[in-house]
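Colleague: I'm new to this one, so can you take me through the labels you put on things and how you get to them?

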Amino acid sequence: MAVAPLSIAAQTANTPLDVGLDVRSSLFSGRLLLNGQAFGAGGTSSFAVNLVRIGDAADDLYLGAYLQPGYTVPLVAGTYRPQFFHQFGPASPQNYAAPLRPLIDARQPRVAEIDVPGVALTADFKLDGQAFPLQAAEVAEFYLVPHRPGERILLGRSNTPGAQAVVLPGRYDVVYEYRSGEYLPINEHAVVARGLHLTSSRHLSIAVRSTIAETRVTLNGEPFPVDAYDHGRIVLVNPADRDQVVIGETFGTLLPARRVIVGRYDVHYRSREPGAVTPVNPDAAVAKGVNLSARQRRVDVDVRAITFAGSYLINGEAPPNSAYHYARIGLRMHGTSDTLQLGDTYAQTFGPLNIVAGTYEGVYAHREGESLPMNTDAVFLSELLLQQNSSQVLDIPAVPLTLDLRLNGAAFPNSAYNYARITVVRQQAEGAAADPIVLGDTFAGPLLITLLPGRYSFVYSARETNGLVPENRQAVFLKDVDVSGPTTIVHDLRARPVRLGVTLDGATFPDAAQGSAEILVGQTREDRVTLGLTSDLGTPATRLLLHGRYTAYYALRDAGNASLMPANRDAVIGRFVVD
């Protein structure tokens, strides 16, 4: 029987691609200084410095600590940014995970000192021109928040005179956070000084201006019920600074007077115990840009509430009346992040519910069964204007999708020991969480699913491999696919064996006693496949990989008995193309 010759594509698919990568190393030596001084006898403060490779933010390696006499670190050749970490003591800058200047050129072996500058600060805090109360129960904290990356630094407490701190030079905001007491502003996270340029030691005078907010709140022009089982909460929110002030519960019209920091606030209503009267919204903006100052202290808010009821349809038909096939439907007011739950589709109707009047989006979350769209957190209706009592039909669109996936022109193995999982991810609005949905496993043949209409990406993730399916862990193989109606996709995944050899400065890596690192490759960091440890890679490793552009990574796993291995924990060492 004659056998047809392999096509060029099939021959390429079976021919290993040989890739050679050489890890170029360097040696960086020196010592750490603080304001030009080495760590001396009796030193009471220390810090550590890591190095972060430029263009490779995930790779950071430990360089040394101030209390050590010096450092000698082998590393992957490149340019690095030092990163500062406070360890202990008052003389060391209190910054943590903060970048330092200048950059370090370690493309060749180098000896250099890293001199860390420290700016000594003292501070006093005033409330409306007077010293803060000194009682132990009256406490607010002040933090320095760097404009550059790094964690915030405690500057001092309002009831403790003589605040002082040492920080790295740079620009900082000062943030006020209420802790306890009756006489202090109750803001949770208020910026009270912006853009302080701290380049030399100095004294800071932090002035906090406050006022007494007198809040009156009504519901559709009438007093809120005085009912512990039917009430909400009024909160002032400064969205730019992530600051909020809890004014109080809606028991009646006049809420407790609260001392707050002057500024502009949005007013939010948040349901606490919904009953027959108050809105059920978990978070709703009911007033914007309210200015509070020494002269303007009053906040008058009328919460406009409506009733909303209706029914659900799926593509114009009633959804299944079954707790085994249903989704949960909610509303999310524009400008907020919390979802108001309307109910489950098996009920087929919802409401009436009391809600705050406004503009909403409809949110769909699949719960059980395969007959409904499988999206778990997706917007199905982008704008729903609700300004008066209404009853509406929410018709949820659903479209079938079929994916017929092949590998190098042939069917995937029908084996639970050689398969991948296919996931689809809907393109969401900016800032919204991703909505990944499992489409199925490659051994199952053509994959069918019901989805909300939208644009989707398709992701391949190897689950069990024995050399017959690509080993990629999270590779996007189709992007921005329009699934606006019934869709069938026939797609041939192309893959090829890759035989990858790795050397260190042109020579074989040391044996395991001298240390070992893991070598990984992937189209993205999430997609990475391990090739193995350098101590085991005397013979090139072969992996079946999807066509695409790849990056190779080096990650030290064991420093061994000698300082021969670069100390990098996640360094890019090369790139190659599989086609």
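Modeller: Sure. The structure holds 17 aromatic pairs. One of them is Phe132 with Phe142, an edge-to-face pair.

Colleague: What makes Phe132 and Phe142 an edge-to-face pair?

Modeller: Rings of Phe, Tyr and Trp (its six-membered ring) pair if their centres lie within 6.5 Å, and planes under 30 degrees apart are stacked, over 60 edge-to-face, the rest tilted. Here the centres are 5.8 Å apart and the planes make 85 degrees, so the pair fits the edge-to-face label. Phe132 is in the loop between strand 13 (130-131) and strand 14 (139-146), while Phe142 is in strand 14, 10 residues away. Strands are DSSP runs of E with at least two residues, helices are runs of H or I with at least four, and both are numbered from the N terminus.

Colleague: Before we go on, what sort of model is this?

Modeller: It's a predicted model: local features need pLDDT of at least 70 and side-chain atom pairs count only at pLDDT 80 or more, while totals for chains, interfaces and linings use all residues. Residues are numbered from 1 along each chain as its sequence is written, and side-chain values use heavy atoms, with hydrogens and water left out.

Colleague: Why is Phe132 called buried?

Modeller: Buried means under 20% relative accessible area, exposed over 50%, and partly exposed in between (1.4 Å probe, protein chains only). Phe132 has 3% relative accessibility, so it counts as buried. Phe142 is buried too, at 0%.

Colleague: How do you know that the rings of Tyr326 and Tyr346 are edge-to-face?

Modeller: Their centres are 4.9 Å apart and their planes sit at 75 degrees, so that pair is edge-to-face. Tyr326 lies in strand 29 and Tyr346 in the loop between strand 30 and strand 31, so the pair ties together parts 20 residues apart in sequence.

Colleague: Why does Tyr346 count as partly exposed?

Modeller: Tyr346 has 30% relative accessibility, so partly exposed is the label. Tyr326 has 13%, so it is buried.

Colleague: And Tyr324, buried or exposed?

Modeller: Exposed, because its relative accessibility is 64%. Tyr324 is in the loop between strand 28 (305-314) and strand 29 (326-333). Leaving aside neighbours within four places in sequence, Tyr324 is in contact (heavy atoms within 4.5 Å) with Glu368 and Gly369.

Colleague: What makes Thr345 buried?

Modeller: Thr345 has a relative accessible area of 0%, so it is buried. Beyond its neighbours within four places, the contacts of Thr345 include Tyr312, Pro319 and Leu372.
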